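Got a minute to look at a helical packing problem together? Have a look at the model below before reading on.

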Amino acid sequence: MLNYLRPRDLDPVAALAAAAIIIFAIFAWTVNTDLADPNDLSVAGWGWKLWQIGPLVMGFAGAWWFWLSTRRAAWVRSLALAALALAVFINGYTGLFGDYWGDVWRTVNPLFIASCSVSAVALLRCGCKAGKVGAVLPAILGAVVFANAYFVNNAVLWMILDPVRMLTELTWAAVANKANVAAPDAPA
């Protein structure tokens, strides 16, 4: 079973397909949130919180598998992160997703939190002091998004976090094709 999740050096088309599968699996799960939260209690309801464990697990497993499987086509990582930033922009500042805006947020949030964990580890493994200090920033940002998305849901904080998330994703996209967490020559 674990052989299916082991890192693979996917070609660009397969990597893009894998990214799409991860995104649409999380979206399909979140569209059905009303099964666990029929009264639309959202963050206040335990049924809703328990239902969100699925997207978090899929987000973390998917982001790490995607990262480890795109060493040969590392530019696809940058493309995926730029698409995530675009989704935040479209959902936060336009009405393009219509009635699905909440489902899009519930899809973007676990992916962002998972990508923060990947970037924190990649920065830690770079071997330089700046990278080690820089690893703290995505870890903190991921923790703040996690707390606000699943426990607090403060609207003012979202107004701050949305542009910060876009800038973080675009910054990480600019360098993600150069970093390899699992590279054999990476320092431990």
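What follows is a short round of questions and answers on this predicted model.

Q: How do α1 and α5 lie to each other, given an angle of about 130°?
A: Helix α1 covers residues 12-31 and helix α5 covers residues 101-124, and their axes sit 9 Å apart. The angle between them is about 130°. Angles over 145 degrees would count as roughly antiparallel, and 65 to 115 as roughly perpendicular. The pair fits neither class, so α1 and α5 are oblique.

Q: What is the handedness of the crossing of α1 and α5?
A: We're still with the pair whose axes are 9 Å apart. As α1 passes α5, the crossing is right-handed.

Q: Which residues of α5 meet α1, and how many residues of the contact are nonpolar?
A: From α1 come I22, I23, I26, F27, T30 and V31. Facing them in α5 are D103, V104, R106, T107, P110 and L111. Sorted by type, the contact has two charged residues, two polar ones and, for the count asked about, eight nonpolar.

Q: Which element gives the largest share of the largest nonpolar core?
A: This core has 18 residues, and I22, F66 and V108 touch the most other members. Elements giving two or more residues to it are α1, α3 (53-68), α4 (75-93) and α5. With five residues, the largest share comes from α1.

Q: Which residues does V108 touch, leaving out those up to four places away in sequence?
A: V108 is one of the residues that touch the most other members of the largest nonpolar core. Once residues up to four places away are dropped, what V108 touches is L84, A87, V88 and R165.

Q: Is A114 buried or exposed?
A: A114 is found in helix α5. Discounting residues up to four places away, A114 touches G59, F60, A63 and W64. Its relative accessibility is 0%, and the cut-off for buried is under 20%. A114 therefore counts as buried.

Q: What distance separates the C-alpha atoms of A114 and A149?
A: A149 belongs to another core, of 12 residues, which also includes W48, L141 and Y150. Along the chain, A114 and A149 are 35 residues apart. Their C-alpha atoms are separated by 13 Å.

Q: What is the relative accessible area of S119, and which residues is S119 in contact with beyond four places in sequence?
A: S119 lies in helix α5. It is buried because its relative accessible area is 6%, against a cut-off of under 20%. Leaving aside neighbours within four places, S119 is in contact with P138 and W172.

Terms used:
Residues are numbered from 1 along each chain as its sequence is written. This is a predicted model: local features need pLDDT of at least 70, side-chain atom pairs count only at pLDDT 80 or more; totals for chains, interfaces and linings use all residues. Side-chain values use heavy atoms; hydrogens and water are left out. Axes are lines fitted to C-alpha atoms, for helices over the stretch in contact, and angles run from 0 to 180 degrees between N-to-C directions. Helices (H or I, at least four residues) and strands (E, at least two) are DSSP runs, numbered from the N terminus. Angles under 35 degrees count as roughly parallel, over 145 as roughly antiparallel, 65 to 115 as roughly perpendicular and the rest as oblique. A crossing is left-handed if the near helix is turned anticlockwise from the far one by less than a right angle, and right-handed if clockwise. Contact means heavy atoms within 4.5 Å. Ala, Val, Leu, Ile, Met, Phe, Trp, Tyr, Cys and Pro count as nonpolar, Asp, Glu, Lys and Arg as charged, and the others, Gly among them, as polar. A nonpolar core is a set of buried Ala, Val, Leu, Ile, Met, Phe, Trp, Tyr and Cys residues joined through side-chain atoms within 4.5 Å. Buried means under 20% relative accessible area, exposed over 50%, partly exposed in between (1.4 Å probe, protein chains only).
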